[in-house]
Each structure stands twice: as C-alpha cells, then as structure tokens.
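Trainee: I have a model to go through before the group meeting. Could you take me through it?
Mentor: Certainly; please open it and we shall begin.

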Amino acid sequence: MTKKIGLGRAHSKIILMGEHAVVYGYPAIALPLKNIEVECRIKPAKKKLTFDFYDPLSTAIYAALEYLGKAGEAVITYDIISQVPQKRGMGSSAAVSIAAVRAVFDYYGRPLDNDKLEILVNQAEIIAHSNPSGLDAKTCLSDRAIKFIRNIGFTELELQLDAFLVIADTGIHGRTREAVAKVAQFEEANLPHLARLSELTAAAEKHISAKDLRALGQDMTEAHDCLKKIAVSIDLADCLVQEALKAGAFGAKLSGGGLGGCIIALTENAEQAQQISQKLEEKGALHTWIEKL
C-alpha cells in the first residue's frame, strides 16, 4: 500500500559550545533549531529511481528503501524543500536524511521508530562525512539540547533559558575537514586552547542549569577567542561577533568547524534579537535566523 505523496520533515541544529575540542574527547553541547526545517516529498514516477551514493539524500532514500525491501523496484521521485543552508554547521545533511527516510516510510505506510530512523540516517551520514560522530543526527532527531563526549555518548540537557539565539550565516561554506586537519597539524600548540574550550563547555552547562545568561554569554565570547587562537575563524565571523557584542548580545561566537559557516549570539529578548539580526545582515551576514531557547 502506497500513498500518493510520502511526507517527511526534520529540523536543523547548531553547536553551542565545544567544537574542535570534541575531537579530542572533550564535551560539546549542540542545540536543535526547531524552526529551521527540511521537508521531503516522495511521489510516484514513470521510471525506477537511480541512486547517487556520493549524495547523502540519495543514500538516505536508498537505505530506507533497502530496509523495506523496495530498493530494486522503487518507481518514485523526490523533492526537497530546505531552509537549511549546506556546509554551514547546521546539520543540513543529517536533517535532509531524516526527512527523506521519514518520507519513504510514510509513502509506503510503514511504521518508523526513532531507533530504526537513527540507524538508517547514520548509514547515510557515513557516506557524507566518512566517520561522523553521530552528533548531527542525534541533535536533529531531538527536541532537547544534547551533550556529547566522543566514545562515551550522548545525554540530553534541559534548556529553559527564556532567551533567544541569533544565528548568522557568513555566506561562506564551512570547511570542517580542513579546519580539523589544521588544528591537528599544530596540536601541541593548540592543546591549551582546546583544554580551555573544554572548561568553558563545562562552565556553560552549569550556567545553563542556573539560567545565568550573562555568564553563559561570557563563556561563548571567550570560546570564540579560543577558536580564533587555533585559527579556525575568519575575518567576517570575527566582525559579526564583534557587531553582535556591540549591539548588546550577552555573548557571541563562531559555531561549527569554522573557516566559514555561522556565528551565534545570545540575546535577552525577541526585540533585541531582531535588532542584532538586522545589524548583522547590514554588516555582511547572508542570512539570519532567530531561535527561542
């Protein structure tokens, strides 16, 4: 039994604290961005679907069809409507994969629990990222903040801050693999900064629990300084961070692998978030989003 249209949706994510340090076994905190979404629609077609195994979307659809025993006979096509830009550290490939797997299961009228969904999405993420941590998929599947430690696992964090996060896209593709390799090349010199990033992530977790926005903002801004010292920021990201702080943000920082991508700024209320968002676009951000925390 198939439907005329199979529909799947997913939201994106952003790293709050701990990028790069997480590679060395330190914790990272990631946030779901529930208002920034991807939608996938599966529809009947006139010929069998062909697959591109270098494309995470195509791979996610194949993984879902193979699980259902339909990979060799699927006469379908698909459309993606995405608010999530690619290569900006916002979990685009994970969100697309989640939406695609959900759409395939919906099209064939088959039940799909989160455990099964996560396994299939991680198969697609391996194609996209070779050796993914699973953090993107886990956060894009969650409605709560996620704390992750490599080789240990994930825990959910309660996030009731009554604050707003501004996400600003530099418009420059992030280059995570290059940034990770760059940090590793100078690992010995970078270790003090990575250790400090770990301390700031631990402090941020405590300040989230205490709902101390000013202290959390200070953690974020110092974390950005550490990311600058390990040379993964860029001039535009530094400029946007400074503009957010001048406009009254509690704190601001680069988010994700760096050498492009996004910056984030913590703000007290929706009005301030709108003002900072407008200022960042005036100063060169390609696009901004506002997420309630």
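Mentor: One term is needed beforehand: contact means heavy atoms within 4.5 Å. Please also note that this is a predicted model.
Trainee: How is the protein divided into domains?
Mentor: Domain 1 covers 6-156 and domain 2 covers 164-292.
Trainee: And how many residues of each domain are in contact with the other?
Mentor: On the domain 1 side there are 30 residues, in contact with 39 residues of domain 2. The C-alpha centres of the two domains lie 24 Å apart.
Trainee: Is there a residue worth inspecting for that?
Mentor: Consider Tyr-24, which sits in the loop between β1 (6-17) and β2 (28-44).
Trainee: What does Tyr-24 touch, leaving aside its neighbours within four places in sequence?
Mentor: Tyr-24 is in contact with Val-183, Ala-184, Glu-187 and Leu-194. Glu-187 is 163 residues away along the chain, yet 9.9 Å separates the C-alpha atoms of Tyr-24 and Glu-187.
Trainee: Why does Tyr-24 count as partly exposed?
Mentor: Its relative accessible area is 26%, and the partly exposed class lies between the 20% and 50% cut-offs.
Trainee: Changing topic: what is the secondary structure of the protein?
Mentor: It comprises nine helices and nine strands.
Trainee: How does the radius of gyration compare with that of a compact globule?
Mentor: The two agree: a compact globule of 293 residues would have a value near 19 Å, and the protein has 19 Å. Along the principal axes, its C-alpha atoms fill a box of roughly 55 × 45 × 35 Å.
Trainee: What share of the residues is buried?
Mentor: Buried residues account for 52% of the 293. The accessible surface is about 13,500 Å², and carbon and sulfur atoms contribute 49% of that surface.
Trainee: What about contacts between residues distant in sequence?
Mentor: Among contacts with a separation of 6 or more, 74% join residues 24 or more positions apart.
Trainee: How far apart are the mean positions of the positive and negative charges?
Mentor: They are 5 Å apart, for 34 positive and 36 negative charges.
Trainee: Last topic, backbone angles. What should one expect of phi?
Mentor: Most residues other than glycine have a negative phi. Lys-87, however, has a positive phi of about 60°, and Ala-231 has one of about 65°.
Trainee: Where are Lys-87 and Ala-231 found?
Mentor: Lys-87 is in the loop between β3 (76-82) and α2 (92-107). Ala-231 lies in the loop between α7 (213-229) and α8 (235-246).
Trainee: Is Lys-87 buried or exposed?
Mentor: Lys-87 is exposed, at 54% relative accessibility, while Ala-231 is partly exposed at 31%.

Technical notes: Residues numbered from 1 in each chain as written. Predicted model: local features only at pLDDT ≥ 70, side-chain atom pairs only at ≥ 80, totals over all residues. Heavy atoms only, no water. Helix = DSSP H or I, 4+ residues; strand = E, 2+ residues; numbered from the N terminus. Rg over C-alpha atoms; globule rule 2.2 N^0.38 Å. Buried < 20%, exposed > 50% of the residue type's maximum accessible area, 1.4 Å probe, protein only. Areas by Shrake-Rupley, 256 points an atom, 1.4 Å probe, with all protein chains shown as cover. Lys, Arg positive; Asp, Glu negative; His and termini not counted. Charge placed at Lys NZ, Arg CZ, Asp CG, Glu CD. Domains from an automatic or database assignment.
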